[in-house]
Amino acid sequence: MTTRRLCGFMLAVLLLTGIPLASAQDDYALFSDRAETASLLYRGHKAYEYALLYNGTYYWYGPEYQTGTVVYNGKSYRDVLLNIDAARQDLIVRVGSGISYKLLEREYVRECSFSGRQFLNLQYLYGEQAPSGYWEIIYAGRARVLRRVTKLLEQDLDGRKRDETRYDGPFRRDIYQAFVYSADYCYLPEDGGIVPVKRRRDVYNLIDKSLRHDVRRHIRQQETGTRMPFDRFCVEVFNYVESR
């Protein structure tokens, strides 16, 4: 049944049940708006399905879809179920109770947010010369630090790559492929531009020389025998610098 016919049917039902015309028209308009919104957002291609056995997950964090917001084709859509396929860098929206999973064409996605996290499409914002894929904002101050998570399917014959999946879900020893986690980082200064960062030295080079000694001392105080992960290191550095 098409959206127009379905809306007309709903209006007829409302009238037959004795609901006043003005109220029925209001309900019809609300339903029509929602249906048109859904048809615009959910009419994309079906999301890619992985017809194989694997350990780990191809999703950014985990397979659970979370209610969030997406800015798509210039419009903001709220209260939609979202997740990111980190292997293909696809944003996926779930329709209903898992009835269908639709791919949102990346070229039309400006940004999205779910689970308290915000993701940007840098190519939408800065053009094709920007890094591809989705980038999570892990630090937002006067400058921003972003992370792109990628999942690569690799052979794993002896289960040694379990920790590399960065996934706490079930792990089967009789499955010999796993999605392995990797991450890239970039720095967005407040005056514009995109600066890739791969190691601590890259981050220190972004800081004024007069502050580097103090920043290194701060990091040593935070690391009590265990070297902190790179993403936390970036957050600690720029929190400290921008609080000065």
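Two strands are counted as paired if DSSP finds at least two bridges between them. In this predicted model, that criterion is met by β7 and β8, which are joined by four bridges and run antiparallel; within this pairing, I137 has L146 in β8 as its bridge partner. The chain as a whole comprises six helices and ten strands, and 40% of its 244 residues are buried. Of the contacts between residues at least 6 apart in sequence, 55% join residues at least 24 apart.

**Strands around β7**

- Strand β7 covers residues 134–140 and β8 covers residues 144–155.
- A hairpin of three residues connects β7 to β8.
- Strand β6, residues 117–121, is also joined to β7, here by three bridges, and the two strands run antiparallel.
- In the pairing of β6 with β7, N121 has Y134 as its bridge partner in β7.
- Six of the seven residues of β7 are buried, and the strand is thus described as mostly covered.
- As a general point, side chains in a regular strand alternate between the two faces of the sheet.

**Helix α6 and its packing**

- Helix α6 has 13 residues and spans 18 Å from its first C-alpha to its last, close to the 18 Å expected at 1.5 Å a residue.
- The buried residues of α6 are F230, F233, C234, E236, V237, F238, Y240, V241 and E242.
- In an α-helix there are 3.6 residues a turn, so residues three or four places apart point the same way.
- The strands against which the buried residues of α6 pack are β7, β8, β9 (177–188) and β10 (195–197).
- The helices that the buried residues of α6 pack against are α4 (200–205) and α5.

**H218 in helix α5**

- H218 is located in helix α5.
- The relative accessibility of H218 is 14%, and because buried means under 20%, H218 counts as buried.
- Once neighbours within four places in sequence are set aside, H218 is in contact with E236 and Y240.
- Both of these contact partners, E236 and Y240, belong to the buried residues of α6.

**Salt bridges**

- The whole structure contains 15 salt bridges.
- D214 and R244 form a salt bridge in which the closest N and O atoms are 3.0 Å apart.
- D214 lies in helix α5 (residues 209–222) and R244 in the segment after α6 (230–242), so this pair ties together parts that are 30 residues apart in sequence.
- The two partners are in opposite categories of accessibility: D214 is buried, at 15% relative accessible area, whereas R244 is exposed, at 54%.
- R88 and D90 meet through their side chains in a salt bridge with an N to O distance of 3.3 Å.
- In that pair R88 is partly exposed, with a relative accessible area of 39%, while D90 is buried, with a value of 13%.
- R110 and E111 form a further salt bridge, with 3.2 Å between the closest N and O atoms.
- E111 is partly exposed at 21% relative accessible area, and R110 is likewise partly exposed, at 36%.
- A network of salt bridges links R117, E136, R147 and D231.

**Aromatic pairs and charges over rings**

- The structure holds 17 aromatic pairs.
- In the pair formed by Y59 and Y65, the ring centres are 5.6 Å apart and the planes stand at 80°, so the arrangement is edge-to-face.
- Y59 and Y65 are both buried.
- These two residues belong to one aromatic cluster, whose other members are Y48, Y50, Y54, Y58, Y101 and F179.
- The charged end of R117 is placed over the ring of Y61, at 3.9 Å from the ring centre; R117 also takes part in the salt-bridge network with E136, R147 and D231.
- R216 lies over the face of Y204, with a distance of 4.2 Å to the ring centre.

Terms used. Residues are numbered from 1 along each chain as its sequence is written. This is a predicted model: local features need pLDDT of at least 70, side-chain atom pairs count only at pLDDT 80 or more; totals for chains, interfaces and linings use all residues. Side-chain values use heavy atoms; hydrogens and water are left out. Rings of Phe, Tyr and Trp (its six-membered ring) pair if their centres lie within 6.5 Å; planes under 30 degrees apart count as stacked, over 60 as edge-to-face and the rest as tilted. Buried means under 20% relative accessible area, exposed over 50%, partly exposed in between (1.4 Å probe, protein chains only). A charge sits over a ring if NZ of Lys or CZ of Arg is within 6 Å of the ring centre and within 35 degrees of the ring normal. A salt bridge is a side-chain nitrogen of Lys or Arg within 4 Å of a carboxyl oxygen of Asp or Glu. The expected span of a helix is 1.5 Å times one less than its number of residues. Contact means heavy atoms within 4.5 Å.
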